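Visitor: I am new to this structure, and I would like to learn how to read its features one at a time. Could you take me through a few of them?

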Amino acid sequence: MNAPSDTSGPACSYYPARHAALTTASQTLGNHARRLRLALLFFGGVSAVILIEALEGALRLRLIVIPLILAFAVLNRYLRAQREHARLQRLIDYYDRSIARMDGTQTQSGHTGEEFRSETHLYDRDLLILGPDSLFGMLATTRTGLGQRGLANTLLHPPNRADLLEHRAAIQELSPRNDLREQVHLLGDYQFQQVAATFFDEWLDDPPPTFHPAFRYILFTTTSAIFALLIAGVIHLGPWSTIVPNLIAVIALQTAIGMYLRKRVLPLLKNAYHLSNQMDILRDGLALLQRTSFASPKLLTLQQLSLKPGNAVSALKKIQNQLTVAEQREKGEWILALFLLVCAGTHAAISIANWKRQYATSMKQWLAVWAEFESLSALATYAYEHPQNVYPEILPSNTAVFEATSLAHPLLPANAVSNDIALNTSGRENPTSLYLISGSNMAGKSTLLRAIGSNAVLALAGAPIRATTARISPLHIGASISVTDSLAEGKSKFLAEVERLHAILKASDEGPLLFLIDEIFSGTNSLDRRIAAEAVARTLTTRNAIGALSTHDLTLTEMAANPALRAVNVHMGSPNPAAPLAFDYRLKPGVNPTTNALAILALIGIDVE
């Protein structure tokens, strides 16, 4: 599925222009780096010739100073050019993907968000919120796994009205901030450097071992003594015959302590090994958040939360050296040997354990801050890239309203058919709480239900929706569109649907609700289906719920005669009775007057007498 693009929007002009500028800068820098390499080879060659001639007595060795200084100066500039070139390349790749989203060639980010899925959620699977070719997949332009979790949480658990309005203001403020999105993308040393958000949770929830304070003082003393003895021997402050036995004794004491603490130290270092780069990203990201000027209350609140109860950036800096030690221990035998000599791993593990005890609770808050900021940034990116979308009017929380003109599914192409929707329990002369949607197979009923639901999810996340005008009140959402049986649980599709409807009815007790149900009770006979469906619809509408039921069973359309339901019949099908498969995907008033089952059978070569 391809999301729509707007060829007249600012992103369609900014992205290619920025991409072209970055490409030109990268090419220029690449040419400069090649010239620096030649200069480095030249000065390095001159230095080598002077060294050889000096060793043979033909030249004075001091002549090598100038070419060596020039070689190091060129090397420094070359390394800076390489770092800048890598930065430019990361931005070029970023805009490659941005342009691909805009032109519809690659609208999915590659992230599915399925790790955040709950099997009991009331609309995730039915509305394609998570998973392949999903709303989350289209929106997930986040830098980190934490950001993905923040986005999934926003889509699956809409905020209350006050938070929703703050979310919207933040998204509107962040929407034009391409510069800020570039800086977020450049966090970390590598483009795809990230771990799952749950890794942080597991690390923080794992209680750190305790170390008696005496161990730290003893290890500090032994490490200092090792260095002092080595230095004393090197500068001849004493004979090696005296120094070596003392050195062996100190190393033996330190080794004994290290072995005693080994079972507590190694798990800490193993987990910390994976955290070093991630802490860099989190620290630099929070530093970016803190130094950026914002005006909206939500973003200002996030800034303040990153400073409470202590400054996240300074606290994360305190642990960085210890995490680096844990990382470097895995990179080579000689480094490990050096670290073992001075017990660097044990020193680091004790510091990490103490840090966790002091900052674990605070860090959970900082992680939540960064996750929410990235979520808002991802939704702002969507808003920037879809200026044709509209921010719906947010109505009071005690109403149940979803009204939109020219509503289309956010995952469909730009030329997708749109429809007008008007579900409202009050405030109108003839309020409509329920659409009874009849229609032919493949006429678009399920897609319409998903269009209503996915746009409602976007609206309740504070993002613009794919419509020209819209009004919505804060709503719970419940859907029964893709309910299936489960062999593992021994559960039929009918039982699974009944359980889902029960959960939707329970959710309607908590406040206004939007329900979307496809082919209700399709696993039972028509009479029972009609009675049960009307009972469900009546219960929902009397609880200040609005929604839509789609059906092939025309007996269900008779429910519209019950005034308590405040229901209207609408249908989708071919506008031409002579061509029952020529669907226009338009929502039309009244009951569907045509069928297409026989036409479909004819397509596969089955003639019905």
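Guide: What follows is a short tour of aromatic rings, a cavity and a strand, in a model that is predicted.

Visitor: How is a pair of aromatic rings described?

Guide: A pair of aromatic rings is described by the distance of the centres and the angle of the planes. In this structure the count comes to 15 aromatic pairs. One of them joins Phe-42 and Phe-43, whose ring centres are 5.3 Å apart and whose planes stand at 70°, so this pair is edge-to-face, an angle over 60 degrees being what that word requires.

Visitor: Is Phe-42 buried or exposed?

Guide: Phe-42 has a relative accessibility of 52%, and because the cut-off for exposed is over 50%, this residue counts as exposed.

Visitor: Which residues form an aromatic cluster?

Guide: One aromatic cluster is made up of Tyr-14, Tyr-15, Tyr-94, Tyr-95 and Tyr-384. Tyr-384 also has a charged neighbour, for Arg-181 lies over the face of its ring, at 5.3 Å from the ring centre. A similar reading applies to Trp-203, where the charged end of Lys-356 sits over the ring, 4.8 Å from its centre.

Visitor: How many cavities of 30 Å³ or more does a search of the whole structure find?

Guide: The search finds two cavities of that volume or more, and the largest cavity holds about 70 Å³ of space.

Visitor: What lines the largest cavity?

Guide: Eleven residues line the largest cavity, and those nearest its centre are Arg-101, Met-138, Tyr-382, Glu-385 and His-386. By character, the lining divides into five nonpolar, four polar and two charged residues. Looking at the elements they come from, α3 (135–139) and α14 (344–385) each supply at least two lining residues, and α14 gives the largest share, with four residues.

Visitor: Why is strand β9 described as largely enclosed by the rest of the structure?

Guide: Strand β9 covers residues 567–572, and five of its six residues are buried, which is why the strand is described as largely enclosed by the rest of the structure.

Visitor: Which strands pair with β9?

Guide: Strand β4 (residues 434–439) runs parallel to β9 and is joined to it by six bridges, whereas strand β10 (residues 588–589) pairs with β9 in the antiparallel sense over two bridges. His-571 of β9 helps to follow both pairings, because the bridge partner of Ser-438 is His-571, and His-571 also stands opposite Lys-588 in β10.

Note on methods. Residues numbered from 1 in each chain as written. Predicted model: local features only at pLDDT ≥ 70, side-chain atom pairs only at ≥ 80, totals over all residues. Heavy atoms only, no water. Phe/Tyr/Trp six-rings, centres within 6.5 Å; stacked < 30°, edge-to-face > 60°. Buried < 20%, exposed > 50% of the residue type's maximum accessible area, 1.4 Å probe, protein only. Lys NZ or Arg CZ within 6 Å of the ring centre and 35° of its normal. 1 Å grid on protein atoms, 1.4 Å probe; cavity = no way out; pocket = protein on both sides within 12 Å on 5 of 7 lines; lining within 4 Å. Points joined across faces, edges and corners; volume = space filled by probe spheres on them. Nonpolar A, V, L, I, M, F, W, Y, C, P; charged D, E, K, R; others polar. Pairing = 2+ DSSP bridges.
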